[in-house]
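Colleague: I am new to this structure and would love a close look at one small part of it. Could you pick a spot, walk me around it, and then show me how it sits in the whole?

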Amino acid sequence: MKILALGAHPDDIEIFMFGTMAAYAAQGAELTFAIATDGAKGGKGDPGALARARRREAAQAATLLGAVPRFLDFPDGALVADAALIAALKTLIGEIGPDLAITHAPNDYHGDHRALSDGVRIAASFAVPVLHADTLGGTGFSPTHYVDISAHAAVKAKAIRMHQSQDPERFVDAARTQNAFRSGQCNGAQDALAEAFRFEPTFPFADIRALLPPAPPIRTVMVSTGRVD
């Protein structure tokens with residue numbers, strides 16, 4: 001199986017979907033990580049130096065799973081779903097031939113995230129189904145699918161920490177909190193962790209369950225047989 005993960009910035013894949021990528025890697029899937037912008041506005045100091053540092057960090061994180069990093073190098077903070085972005089995404093999808101593309105939700109917090117989501121949706125067309133990752137903090141997001149990442153929490157945290165230019169501990173903590181909540185939301189087993197996704201069926205793709213790693217095992221629901229007055 002070929003999986004194409006697309007993030008707007010150099011650390012987005014790690015924060016929003018790296019546990020799922022690790023689950024795919026454990027299944028033997030071929031992973032490609034595409035980063036849309038150069039990340040030059042994600043901090044202080046010289047933008048060029050920051051962009052180079054963030055590129056190195058993203059490449060190092062990708063090596064944890066043997067993923068192939070692809071850098072589209074659009075300007076950070078100015079991404080729009082225009083002809084240039086859509087053409088670049090169509091070329092990428094054509095070269096890779098993925099079975100599934102995973103990217104940001106169309107209502108995520110950052111304009112670059114929203115633009116990439118729109119661009120991927122348009123570029124994917126009839127070529128590949130598109131799955132949307134959770135939003136920052138889960139705001140405005142209603143999951144349709146969950147992936148158990150309990151066994152991959154350590155490598156996800158390690159990948160986020162590769163991005164030393166981004167003060168990564170805040171994202172390690174936030175991601176784990178969100179992953180614990182999402183597991184609980186789908187009645188996952190005690191101490192399980194999950195990443196959440198949303199799939200909007202679009203012809204000709206109606207059901208992608210067979211393309212996803214397993215969801216968390218659920219806890220038994222105990223129903224009281226006692227009388228309630």
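Modeller: Happy to! Let us begin at N179, which is buried because its relative accessible area is 7%, and buried here means under 20% relative accessible area, exposed over 50%, and partly exposed in between (1.4 Å probe, protein chains only). Before we go further, please keep in mind that this is a predicted model, in which local features need pLDDT of at least 70, side-chain atom pairs count only at pLDDT 80 or more, and totals for chains, interfaces and linings use all residues. Residues are numbered from 1 along each chain as its sequence is written, and side-chain values use heavy atoms, with hydrogens and water left out.

N179 belongs to helix α6, residues 169–185. Helices (H or I, at least four residues) and strands (E, at least two) are DSSP runs, numbered from the N terminus. If we set aside the neighbours within four places in sequence, N179 touches I149, K156, L193, A194 and E195, where contact means heavy atoms within 4.5 Å.

One of those partners, K156, leads us to the helix pairing. Two packed helices are described by the angle between their axes and the distance between the axes. For helix α5 (residues 153–161) and α6, the axes come within 9 Å and cross at roughly 150 degrees. These axes are lines fitted to C-alpha atoms, for helices over the stretch in contact, with angles running from 0 to 180 degrees between N-to-C directions. The two helices, α5 and α6, are therefore roughly antiparallel to each other; angles under 35 degrees count as roughly parallel, over 145 as roughly antiparallel, 65 to 115 as roughly perpendicular and the rest as oblique. The crossing of α5 and α6 is right-handed, meaning that the near helix is turned clockwise from the far one by less than a right angle, while anticlockwise would be left-handed.

Who makes this contact? On the α5 side there are A153, K156, A157, I160 and R161, and on the α6 side E169, F171, V172, A175, R176 and N179. Sorted by type, the residues of this contact are six nonpolar, one polar and four charged. In that sorting, Ala, Val, Leu, Ile, Met, Phe, Trp, Tyr, Cys and Pro count as nonpolar, Asp, Glu, Lys and Arg as charged, and the others, Gly among them, as polar.

The loops beside α6 deserve a glance too. Most residues other than glycine have a negative phi, and most peptide bonds are trans. D167, in the loop between α5 and α6, has a positive phi near 50 degrees. D191 lies in the loop between α6 and β7, and its phi is also positive, near 70 degrees. D191 counts as exposed, at 66% relative accessibility. Further along, P204 sits in the segment after β7 (194–198), and the peptide bond from F203 to P204 is cis, with omega near 10 degrees.

Now let us step back to the whole protein. It has six helices and seven strands, which follow the pattern β-α-β-α-β-α-β-α-β-β-α-α-β along the sequence. Of the 229 residues, 49% are buried. Among contacts with a separation of 6 or more, 79% join residues 24 or more positions apart. Finally, the C-alpha atoms fill a box of roughly 70 × 40 × 35 Å, taken along the principal axes.
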